[in-house]
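Please go through the structure shown here, taking the helix packing and the nonpolar core in turn.

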Amino acid sequence: MDETEFWELVDATREAAEGDPEEQADLLVERLVQLDPDSVLDFARHFESRYNRAYRWDLWGAAWVLLDGAGDDVFDFFRCWLIGQGREVFEGAVHDPDSLADLVDEFDDEIDGDGEELGYSADEAYEQLTGVVAPDLGVPPAPPEPEGTPLDFENEAALSERYPKLWERFRG
């Protein structure tokens, strides 16, 4: 599975789930079990690589503003959700986290921003296909600390200055 196929699968399941991340995760498992185990592992590698790539202070700050706070686990689930939004939203957010204000159409804080189940889709599909837990993917681990410059999430003035569009849309 190449990168284009990965994103096509993400997009197709998000659209079919009408943006509901839990439904998207279920649909993703359904689609992945139709593939061979090696393709499922390829999907998992693409997912894990992007998950690690999004481990950045500036994205964490954007998640903090968007979700009105985001600890470690919440940021982990946010990164899964971000991947589930598709290539355009993901790449846009990695390039400029404040652009999420423009990239995300509707945002329901009851369901959006939490893609925990998406992070397990490939593992679940692999286990259904093979009866065993997925092997190590061979993807380099995320760094111990997020990339970039740490932010003071408690400093609302700094957050509103760093993320003016997100602040205005979700906190204003």
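The questions and answers below concern one helix pair, the core and one further residue.

User: How is the model to be read?
Analyst: This is a predicted model, in which local features need pLDDT of at least 70 and side-chain atom pairs count only at pLDDT 80 or more, while totals for chains, interfaces and linings use all residues. Side-chain values use heavy atoms, with hydrogens and water left out, and residues are numbered from 1 along each chain as its sequence is written.

User: Is α1 parallel, antiparallel, perpendicular or oblique to α2?
Analyst: The axes (lines fitted to C-alpha atoms over the stretch in contact, with angles from 0 to 180 degrees between N-to-C directions) of α1, residues 3–16, and α2, residues 21–32, come within 8 Å and cross at roughly 130°. Angles under 35 degrees count as roughly parallel, over 145 as roughly antiparallel, 65 to 115 as roughly perpendicular and the rest as oblique. Therefore α1 is oblique to α2.

User: Which helix gives the largest share of the largest nonpolar core?
Analyst: That core, a set of buried Ala, Val, Leu, Ile, Met, Phe, Trp, Tyr and Cys residues joined through side-chain atoms within 4.5 Å, has 49 residues, with L32 and L82 among those with the most contacts inside it. Its largest share, eight residues, comes from helix α4.

User: Is D123 buried, partly exposed or exposed?
Analyst: D123 lies in helix α8, residues 121–130. Buried means under 20% relative accessible area, exposed over 50%, and partly exposed in between (1.4 Å probe, protein chains only). Because its relative accessible area is 38%, D123 is partly exposed.

Methods: Helices (H or I, at least four residues) and strands (E, at least two) are DSSP runs, numbered from the N terminus.
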